[in-house]
Each structure stands twice: as structure tokens, then as C-alpha cells.
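Please examine the sequence and the coordinates shown below. The report that follows describes the fold and then selected residues.

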Amino acid sequence: MADLAQTAPAPPDPLARAQLSGLLTALCLLQAADLPPDAGRRLSLLRKARSHARTTTVLTAYLLNDSTFRR
């Protein structure tokens with residue numbers, strides 16, 4: 001599942017993109033949890049998780065605004 005999420009093109013639908021980004025956040029955090037605290041790979045995975053979490057937050061805010069203030 002992780003390989004598919006990382007290699008597949010980003011879906012055009014913001015809802016699907018937010019879901020995919022949330023999944024990638026969780027996957028990075030789970031992978032980082034298995035590594036020792038001083039591992040460079042762990043730090044890299046945590047940074048990646050933070051980046052995905054920011055994307056999820058932005059997309060969620062967009063979706064909330066879109067559904068609240070429909071034109």
C-alpha cells in the first residue's frame with residue numbers, strides 16, 4: 001500500500017488527495033516508530049510525516065471552506 005501511495009500520481013480530487021496525504025502521514029509515523037531515536041532515517045521519516053500532515057491540513061481547510069461557503 002505504501003508503494004502504491006508513493007508512486008501513483010496525485011488524484012485531482014481534493015478529498016482523495018487529503019485522504020492519501022493522511023495515509024502517508026500515518027505510514028511515515030509507523031515506519032519511524034520502528035527505528036532507534038538516533039537514526040537519520042527516522043528523522044527523515046518524521047520530516048516527511050510533518051510535510052504530509054501539512055498537506056492534509058491545507059486540503060482539509062480548503063474542503064471545509066468550500067462546503068461552508070458554496071457559491
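## Contacts and overall fold

In this predicted model, 50% of the contacts in the protein chain between residues at least 6 apart in sequence join residues at least 24 apart. The secondary structure consists of three helices and zero strands, and the order along the sequence is α-α-α.

Of the 71 residues in the protein chain, 23% count as buried. The accessible surface amounts to about 5300 Å², and carbon and sulfur atoms account for 60% of that area.

## Helix H3 and its packing

Helix H3 covers residues 40–68, a run of 29 residues. At 1.5 Å a residue, H3 should span 42 Å, and the C-alpha atoms at its ends are 42 Å apart, so the expected span and the model agree.

The buried positions of H3 include Leu 45, Ala 49, His 52, Thr 56 and Leu 59. An α-helix has 3.6 residues a turn, so residues three or four places apart point the same way. The buried residues of H3 pack against helix H2, which comprises residues 14–33.

## Thr 25 in helix H2

Thr 25 belongs to helix H2. With a relative accessible area of 13%, Thr 25 falls under the 20% cut-off and is therefore buried.

Beyond its neighbours within four places in sequence, Thr 25 is in contact with Ala 49, His 52, Ala 53 and Thr 56. Of these partners, Ala 49, His 52 and Thr 56 are listed among the buried residues of H3. A polar atom of the Thr 25 side chain also lies 2.9 Å from the backbone oxygen of Ser 21.

## Arg 41 in helix H3

Arg 41 is a residue of helix H3. When neighbours within four places in sequence are left aside, Arg 41 is in contact with Gln 31 and Leu 35. Arg 41 and Gln 31 are 10 residues apart in sequence, and their C-alpha atoms are 9.6 Å apart in space.

## Pro 11 in the H1–H2 loop

Pro 11 is located in the loop between helix H1, residues 2–7, and helix H2. The relative accessible area of Pro 11 is 22%. Because this value lies between the 20% limit for buried residues and the 50% limit for exposed ones, Pro 11 is classed as partly exposed.

Not counting residues up to four places away in sequence, Pro 11 touches Ala 16, Arg 17 and Leu 20.

Terms used:
Residues numbered from 1 in each chain as written. Predicted model: local features only at pLDDT ≥ 70, side-chain atom pairs only at ≥ 80, totals over all residues. Heavy atoms only, no water. Helix = DSSP H or I, 4+ residues; strand = E, 2+ residues; numbered from the N terminus. Buried < 20%, exposed > 50% of the residue type's maximum accessible area, 1.4 Å probe, protein only. Contact = heavy atoms within 4.5 Å. Areas by Shrake-Rupley, 256 points an atom, 1.4 Å probe, with all protein chains shown as cover. Expected span 1.5 Å × (residues − 1). Polar contact = N/O pair within 3.5 Å; in protein donor to acceptor, adjacent residues only side chain to side chain.
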